[in-house]
Amino acid sequence: MPSVLPEGDPAPADGALPASVLAGAPDRAFGVYVHVPYCRVRCGYCDFNTYTASELGGGASQAGYAAEAATELSFGAKVMRAAGLPDREVSTVFFGGGTPTLLPASDLAMVLGRIRDEWGIAPDAEVTTEANPDSVDAQYLDTLAEAGFTRVSFGMQSAMPHVLRTLDRTHSPERVPVVVDAARAAGLQVSLDLIYGTPGESLADWERSLDAALANEPDHLSAYALIVEAGTKLAGQIRRGEVAAPDDDLHAEMYELLDSKLSGAGYDWYEISNWSRSRETRSRHNLSYWTGEDWWGAGPGAHSHIGGLRWWNVKHPRAYAERMGQGLSPAHARELLTDEARYSERVLLETRIADGFAIDALSEQGRAAVPALIADGLVDGRAALGVGGTERRIVPTLRGRLLADTVVGHLLR
């Protein structure tokens, strides 16, 4: 089942925001995330807040979901106006899940239209949806492009049938180039998502998946090491000895191969798990998370962040639908981040990206740790020392990316 929501302070039923969120708001970008919590099949490794039809009880209609999400977006715009936040056009929109493209394309277009009506969408906005390769066709993608979507992120995961079976994915490898071509024909940018370290996946399997992904010449590529989450089907299979546990050393080899292959093909890493053909094709939406911008998250279990205030919605689609029907905030709880928490999160996230972390923004203890990180080959010494008149920043090396927790630990100790 999906993971448990965190605890927090009570969230007001009217969604009212504290005055503290106004500080610095004009300088922060604003984005919108829409969580679509439906999947055709629950993948054995997944602990996201998603549901199949058999898991939904009464009062949780997939057919009515777009209207509910649109209602929350109008509610959010009202809450933000009441708080006195400045008008900001939406710079990024991301539909995630789940499988957003299980909804009709017209539903996604309607929700995007509500975002446009309530906040306005910047002319150069990035508008993305996730999609499974077998959940869209050319007509569907054309409809998205006509509605204003600019990007689609396909969950390719692997090119090896036996790996896809272990992950409970429903598409065939042959489907990926078909939908990539259709997306390009519609004028959409393409991102591919991969997973490595699946039980039974060899280094040679992984190399074949990378080669297959690169053959599609995507604009952007994400690759994540498989993490076995407690309570998932995969965790149970490993516990019973039905499949082998992931191997950390193999994960490291796979990451090194990944970085070498993508670099050789002209892709630059810009976050530990993300590569792009250029700065223009980076995921600006995800970068907004890593750099602490503002976003409203709509949908069951969705998280939002405005000016150091974070909140998360009730998880189940039925509870969410009830809140929307009553005109109440869907927030389950929230927290106002302390200065210490915001600093720790900033170090944790910004040391993962290629633009790095400004050394002058580190604490005294953090600055003192930098020489040792350079000596251990965990950060780029030239970048850290500001050679050539550049700003001094913490930029992880390949070794530093592999040992990201060690880098953060040194900076926060």
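Here are some numbered notes to read alongside this predicted model.

1. **The main core.** A good place to start is the largest nonpolar core, which has 79 residues. Leu 141 and Phe 154 are the members that touch the most others. The biggest contribution from one element comes from helix H1 (residues 65-82), which gives 8 residues. Apart from this core lies another one of 13 residues, including Phe 357, Val 370, Leu 373 and Ile 394. As background, nonpolar side chains tend to be buried together in soluble globular proteins.

2. **Leu 141 and its neighbours.** Try clicking on Leu 141 and looking around it. Leaving aside residues up to four places away in sequence, Leu 141 touches Val 136, Val 152, Phe 154, Val 179, Ala 182, Ala 183, Ala 186 and Leu 188. Notice that Phe 154 is on this list, and that Phe 154 shares with Leu 141 the distinction of touching the most other core members.

3. **Helix H3 and its two sides.** Leu 141 is one of the buried residues of helix H3 (residues 138-147), together with Tyr 140, Leu 144 and Ala 147. Looking down the axis of H3, you will find these buried residues within an arc of 120°, so they line one face of the helix. It helps to remember that an α-helix has 3.6 residues a turn, so residues three or four places apart point the same way. Gln 139 and Glu 146 are exposed on the other side of H3. What do the buried residues of H3 pack against? Their partners are helix H2 (105-118), strand S3 (121-131), strand S4 (151-157) and helix H5 (175-185).

4. **H2 against H3.** Two packed helices are described by the angle between their axes and the distance between the axes. For H2 and H3, the angle is about 10° and the axes are 9 Å apart. With that angle, H2 is roughly parallel to H3, because angles under 35 degrees count as roughly parallel. On the H2 side, the meeting residues are Ala 105, Leu 108, Ala 109, Leu 112 and Arg 116, and on the H3 side they are Tyr 140, Thr 143, Leu 144 and Ala 147. Sorted by class, this contact has 7 nonpolar, 1 polar and 1 charged residues.

5. **H12 against H15.** Now compare another pair: helix H12 (residues 364-375) and helix H15 (residues 404-412) have axes 7 Å apart and pack at an angle of about 140°. H12 and H15 are therefore oblique to each other. Gly 366, Ala 369 and Leu 373 of H12 make the contact with Val 407, His 410 and Leu 411 of H15. Here the classes are 4 nonpolar, 2 polar and no charged residues.

6. **The two sides of H12.** Which residues of H12 are buried? They are Gly 366, Ala 369, Val 370 and Leu 373. These residues cover an arc of only 135° around the axis, which puts them on the same side of H12. They pack against helix H13 (381-385), strand S14 (393-394) and H15. The face turned away from that buried side carries exposed Glu 364, Ala 368, Pro 371 and Ala 375. Just after H12, Gly 377 takes a positive phi of about 70°.

7. **Two residues with partners far along the chain.** Leu 203 is found in helix H6 (residues 203-215) and is partly exposed, with a relative accessible area of 31%. Its C-alpha atom is 9.1 Å from that of His 251, although the two residues are 48 apart along the chain. Leu 203 also touches Leu 250, Glu 253, Met 254 and Leu 257. Ser 288, in helix H9 (residues 284-290), counts as buried at 9% relative accessibility. The C-alpha atoms of Ser 288 and Gly 31 are separated by 7.9 Å, with their positions 257 residues apart along the chain.

8. **Backbone spots to check.** A cis peptide bond with omega of about 20° joins Gly 97 and Gly 98, and Gly 98 is in the loop between strand S2 (90-97) and H2. Asp 168 has a positive phi of about 65° although it is not a glycine. Is Asp 168 buried or exposed? At 17% relative accessibility, Asp 168 counts as buried. Glu 217, also not a glycine, has a positive phi of about 50°, but this residue is exposed, with a relative accessible area of 51%.

Key
Residues numbered from 1 in each chain as written. Predicted model: local features only at pLDDT ≥ 70, side-chain atom pairs only at ≥ 80, totals over all residues. Heavy atoms only, no water. Core = buried A, V, L, I, M, F, W, Y, C linked by side-chain atoms within 4.5 Å. Buried < 20%, exposed > 50% of the residue type's maximum accessible area, 1.4 Å probe, protein only. Helix = DSSP H or I, 4+ residues; strand = E, 2+ residues; numbered from the N terminus. Contact = heavy atoms within 4.5 Å. Axes fitted to C-alpha atoms, helices over the stretch in contact; angles between N-to-C directions. Parallel < 35°, antiparallel > 145°, perpendicular 65-115°, else oblique. Nonpolar A, V, L, I, M, F, W, Y, C, P; charged D, E, K, R; others polar. Arc of directions from axis to C-beta.
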